[in-house]
Amino acid sequence: MTRLRISFSGGGFIGAFHVGACEALLQAGAMSRVGHIAGASAGALVGAVLISETPLNVARAALSQLAASARQAGPLGMLTPGSSIVDDVRNHLCEHMPSDAHQRAAGKLHVALTSLRSVDLGSTHFKSEFASRDELIATVSASCDVPGVTGRLRATSTAPAAADATALQRWLRRTDIDGGLNNLFPDPWRGSEESDVVFVSPFAGAGFAVAPRHEEGTSAVPSWSPIAPSKHGRSVDLSRANVKRWSHAFFPPPDDVLRAYEREGFDLCLAWMAKNQNARL
């Protein structure tokens, strides 16, 4: 049978939607069919937990703790100066990921990153080989990192300060940052046959396998936007509901709302599997 490829979008705090989708996959016994997972930002975090067989509660607890920290930071949430969601992500993964997580993820997890290198500045690339667990955690953390927003403007990585490094690299001390900046919906398989790619999005739109219901006739987000994958066969609704979801991605709603997002992801993934029997064992 064809091995499934899953793409988890970025989504900030509503990455809880992805946790619910993963729970559905696990309960249905469908993980034996999953060959590859791509993820950007929160999608990379959840994807890394899933593919490394780390208990899903780790991702659930991480998102819950990050939301609590953002609320405590003040009305600006994770935009509060001096706060660093990325540090919390890194510490949580270091505490809970198995020692061989990098071996389990090798060649199977494709983490989206936005490059700060001069040769491909601003472009998206994917990392799928990890020499150690620490490198895997650093890569996932980088995919969640928007300097000055989710991470402090200080050295949080081992990016080399080489003479050929760009001024931006030397200032930020990073070679890669948030993988969703250029395109929120990672697709390392672009150009190949996509019939077996399961695109998972907490934002309503067309062309996704697991996502809130698309409203026919709704305008799409402009194609120049990083949250608009319309030029690749999918589109995101320009709707009031999506605006609310986007605000929840940056400013965490109450825990009961986050749990509702998780239930939604679970239910929609189960519904998708019911319609696509080849996704089941």
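Contact here means heavy atoms within 4.5 Å of each other. The structure is a predicted model, in which local features need pLDDT of at least 70 and side-chain atom pairs count only at pLDDT 80 or more, while totals for chains, interfaces and linings use all residues. Residues are numbered from 1 along each chain as its sequence is written, and side-chain values use heavy atoms, with hydrogens and water left out.

**Exercise 1. Describe the surroundings of Val111 in strand S3.**

Solution. Step 1: locate the residue. Val111 belongs to strand S3, residues 109-115; helices (H or I, at least four residues) and strands (E, at least two) are DSSP runs, numbered from the N terminus.

Step 2: classify its accessibility. Buried means under 20% relative accessible area, exposed over 50%, and partly exposed in between, with a 1.4 Å probe and protein chains only. Val111 has a relative accessible area of 0% and is therefore buried.

Step 3: list the contacts. Not counting residues up to four places away in sequence, Val111 touches Gly39, Ala44, His125, Phe126, Lys127, Phe130, Thr139, Val140 and Ser143.

Step 4: compare sequence and space. Val111 and Ala38 stand 73 residues apart in sequence, with 5.9 Å between their C-alpha atoms.

**Exercise 2. Determine the span of helix H1 and how many of its residues are buried.**

Solution. Step 1: obtain the span. H1 covers residues 16-27, 12 residues in total, and extends 17 Å from its first C-alpha to its last. This is close to the 16 Å expected at 1.5 Å a residue, where the expected span is 1.5 Å times one less than the number of residues.

Step 2: count the buried positions. Because 9 of the 12 residues of H1 are buried, the helix is largely enclosed by the rest of the structure. The buried residues are Ala16, Phe17, His18, Val19, Gly20, Ala21, Cys22, Ala24 and Leu25.

Step 3: examine one of them. Cys22, at 0% relative accessibility, counts as buried. Leaving aside neighbours within four places in sequence, Cys22 is in contact with Phe8, Val46, Leu50 and Leu56. For the pair Cys22 and Val46, the separation is 24 residues in sequence and 8.2 Å from C-alpha to C-alpha.

Step 4: inspect what follows the helix. After H1 comes Gly29, with a positive phi near 70°.

**Exercise 3. Establish how the buried and exposed residues of helix H8 are arranged, and what covers the buried ones.**

Solution. Step 1: identify the buried residues. In H8, residues 240-250, these are Asn242, Arg245, His248 and Ala249.

Step 2: view them down the axis. The buried residues fall within an arc of 115°, so they line one face of H8; the arc is that of the directions from the helix axis to the C-beta atoms.

Step 3: turn to the face away from the buried side. This face of H8 carries the exposed residues Arg240, Val243 and Lys244.

Step 4: find the cover. Strand S8 (235-236) and helix H9 (255-275) are among the elements covering the buried residues of H8.

**Exercise 4. Analyse the salt bridges of Arg60, Asp187 and Glu264.**

Solution. Step 1: state the criterion and the total. A salt bridge is a side-chain nitrogen of Lys or Arg within 4 Å of a carboxyl oxygen of Asp or Glu. A search of the whole structure finds 7 salt bridges.

Step 2: take Arg60. Arg60 pairs with Glu262, the closest N and O atoms being 2.7 Å apart. The pair links distant parts of the chain, with Arg60 in helix H3 (residues 56-73) and Glu262 in helix H9, 202 residues apart. Arg60 is partly exposed at 24% relative accessibility, whereas Glu262 is buried at 16%.

Step 3: take Asp187. Asp187 pairs with Arg234, with 3.9 Å between the closest N and O atoms. Asp187 lies in the loop between strand S5 (176-177) and strand S6 (197-200), and Arg234 in the loop between strand S7 (205-206) and S8, 47 residues apart. Both Asp187 and Arg234 are buried.

Step 4: take Glu264. Glu264 pairs with Arg245 at 2.8 Å between the closest N and O atoms. This pair joins helix H9, which holds Glu264, to helix H8, which holds Arg245, across 19 residues. Glu264 is partly exposed, with a relative accessible area of 22%, and Arg245 counts as buried at 11%.

Step 5: look for shared partners. Salt bridges that share partners join Glu23, Arg60 and Glu262 into one network.
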